[in-house]
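Subject: Structure handover

Hello,

Please find below the structure you are taking over. My notes on what was found in it follow.

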Amino acid sequence: MTMKLWGGRFTKEENQLVHNFNESLSFDQKFYHQDIQGSIAHVTMLAKQGIVTEEDKEAIIEGLEGILRDLESGELEFSREHEDIHSFVEATLTERIGEAGKRLHTGRSRNDQVALDMKLYCRDEIDAMGELLKRLLEVLLKIMEENLDTFMPGFTHLQKAQPVTLAHHTGAYFEMFYRDGRRLKSIRERMDECPLGSGALAGTTYPLDREYTAELLGFDGPTQNSMDSVSDRDYVIELLSALSIIAMHLSRFSEEIIIWNSNEYRFVELDDAYSTGSSIMPQKKNPDIAELVRGKTGRVYGALMSLLTTMKGIPLAYDKDMQEDKELTFDAIDTVKGCLVLFTGMISTMTFRKDVMEASAKNGFTNATDAADYLVNHGIPFRDAHGLVGQLVLMCIGKGTALDDLSLEEFRSVSPAFGEDIYEAISMKSCVAKRVTTGAPGREAMEKAIALCKARLRTL
């Protein structure tokens, strides 16, 4: 068996089952790039401080860069004999360049090393996630711009409530995903401190320049407490929380698309590339992507709850339990990234049935509130107007018609205040156009909202 980094204290080989249970290379190999990036910065600092020679530094960096190239080309493969990515890289380096490779770990512990790797990995993934969110926001913005006059019912309690536009409805999701983008940026700012140089928990006696290491790795500065540095996973929990909220927003929109895609609604037509059929029913076109996005949300929630539970009972400083953060986080990141890519593709290719949407708004009495407002504007108290329009709705239900289809005599049968202008007042266009306050669906308000959305997008 390969010699462990910690093997000097022990007189027996590690039991194979213990090794299998303890090892993390099978999953922490995912951040080999970050591990090598951190090691290059560390040895550069060691040489600057005179802790290793320039010759050793050059040999180590050349060896590390060679390992990176060979891993990325597939020429070098990971060996399960090694416990983790750190021991794999160090052993491979020493095998290639000899004694100089053994000096790489000077002034460093695997505790601060893995804390660094995880931070670098999460930072890179936050940047990648931010780009995927931007792409989704661009698609949402395009839908908004193209549907300022696409009328549809707005809902409360899944019941048709008031008329809005598709631009306005889509804008609600723009707000959600924009907050997600800001949330990720905020997490990135809070995690921008470098833990390398904290040692196992109490720093080191070597004259390290932690500020220089932080600068080399693009951090704002070093962490301020060595015990917290190696035991902190708050940033991972924050990231998992943000991913859970992104997944929740994707799930909510997916739920609506599933409903809109049903035969009862027919608001949207999904592109064939983002749908599947039935093995037995030839007529089926199923919204599988939307359903899977909705389903995978629970998986992301599970990662958050699992890590919160793992961390809640851990005393200072580092404990092996914390190894459990990686698989959960890797899976959650990959899941949300995959969902964002597929969801963005799905909504960018689906077709909106604008005529069906408008007819649904009209036939769902979504203009009832505007009919009541009409009466209020003719001197009738709102509470009385509410009751009178309720009578009209009941009449329509009995006749199987919309408010727009009632005759003027039928309107006047409940109140003589109704005039011929009632039809214009309760048309879908008028109902929406009158709503011009900030955040409302009227064209004037929505044009301002779209301009703001474009400006916000540039800040992410």
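A residue is called buried here when its relative accessible area is under 20%, exposed when that area is over 50%, and partly exposed in between. Please keep in mind that this is a predicted model.

Salt bridges

By that cut-off lysine 57 is buried, because its relative accessible area is 14%. Its side chain meets that of glutamate 58 in a salt bridge, with 3.5 Å from N to O. Glutamate 58 has 43% relative accessibility and therefore counts as partly exposed.

Side chains of opposite charge can pair when their charged atoms come close. The structure holds 33 salt bridges. One of them joins arginine 103 to aspartate 56, and the closest N and O atoms of this pair are 3.2 Å apart. Arginine 103 sits in the loop between helix H5 (85-97) and helix H6 (110-146), while aspartate 56 belongs to helix H4 (residues 54-73), so the bridge ties together parts that are 47 residues apart in sequence. Aspartate 56 is buried, at 15% relative accessibility, and arginine 103 is partly exposed, with a relative accessible area of 37%.

A further salt bridge lies within helix H6, where glutamate 138 and arginine 135 are three residues apart, or about one turn of the helix. The N to O distance between these two side chains is 4.0 Å. Both ends are partly exposed: glutamate 138 has 40% relative accessibility, and arginine 135 has 43%.

There is also a network of salt bridges, which links Glu83, Asp84, Arg110 and Lys320.

Serine 24

Two members of that network, Glu83 and Asp84, come up again as contacts of serine 24, which also touches Gln29 and Gln323, leaving aside residues up to four places away in sequence. Serine 24 is located in the loop between helix H1 (16-22) and helix H2 (25-28). With a relative accessible area of 4%, serine 24 is buried. Its side chain makes a polar contact of 2.5 Å with the side chain of aspartate 28.

Helices H13 and H14

In helix H13 (residues 354-363), the buried residues are Val356, Met357, Ser360 and Ala361. Looking down the axis of H13, these residues fall within an arc of 135°, so they line one face of the helix. What do the buried residues of H13 pack against? Their partners are strand S1 (151-156), strand S2 (159-165), helix H7 (166-190), strand S6 (351-352) and helix H18 (428-433). Just after H13 comes phenylalanine 365, which takes a positive phi of about 60°.

Helix H14 (residues 368-376) has Ala368, Asp370, Ala371, Ala372, Tyr374 and Leu375 as its buried residues. These pack against S2, helix H15 (382-399), helix H17 (422-425) and H18. Strand S2 and helix H18 thus appear in the packing of H13 and in that of H14.

Surface

On the surface, Leu201, Met227 and Leu316 make a nonpolar patch of about 260 Å². Leucine 316 is part of the loop between helix H11 (288-311) and helix H12 (325-349). Its relative accessibility is 62%, and leucine 316 therefore counts as exposed.

Regards

Terms used:
Residues are numbered from 1 along each chain as its sequence is written. This is a predicted model: local features need pLDDT of at least 70, side-chain atom pairs count only at pLDDT 80 or more; totals for chains, interfaces and linings use all residues. Side-chain values use heavy atoms; hydrogens and water are left out. Patches are made of residues with over 30% relative accessible area and no salt bridge: like charges are joined within 9 Å, nonpolar side chains (Val, Leu, Ile, Met, Phe, Trp, Tyr) within 5 Å. Accessible areas come from the Shrake-Rupley method with a 1.4 Å probe; for residues, only the protein chains shown count as cover. Helices (H or I, at least four residues) and strands (E, at least two) are DSSP runs, numbered from the N terminus. Buried means under 20% relative accessible area, exposed over 50%, partly exposed in between (1.4 Å probe, protein chains only). The arc is that of the directions from the helix axis to the C-beta atoms. Contact means heavy atoms within 4.5 Å. A polar contact is a pair of N or O atoms within 3.5 Å; within protein, one must be able to donate a hydrogen and the other to accept it, and residues adjacent in sequence count only if both atoms are side-chain atoms.
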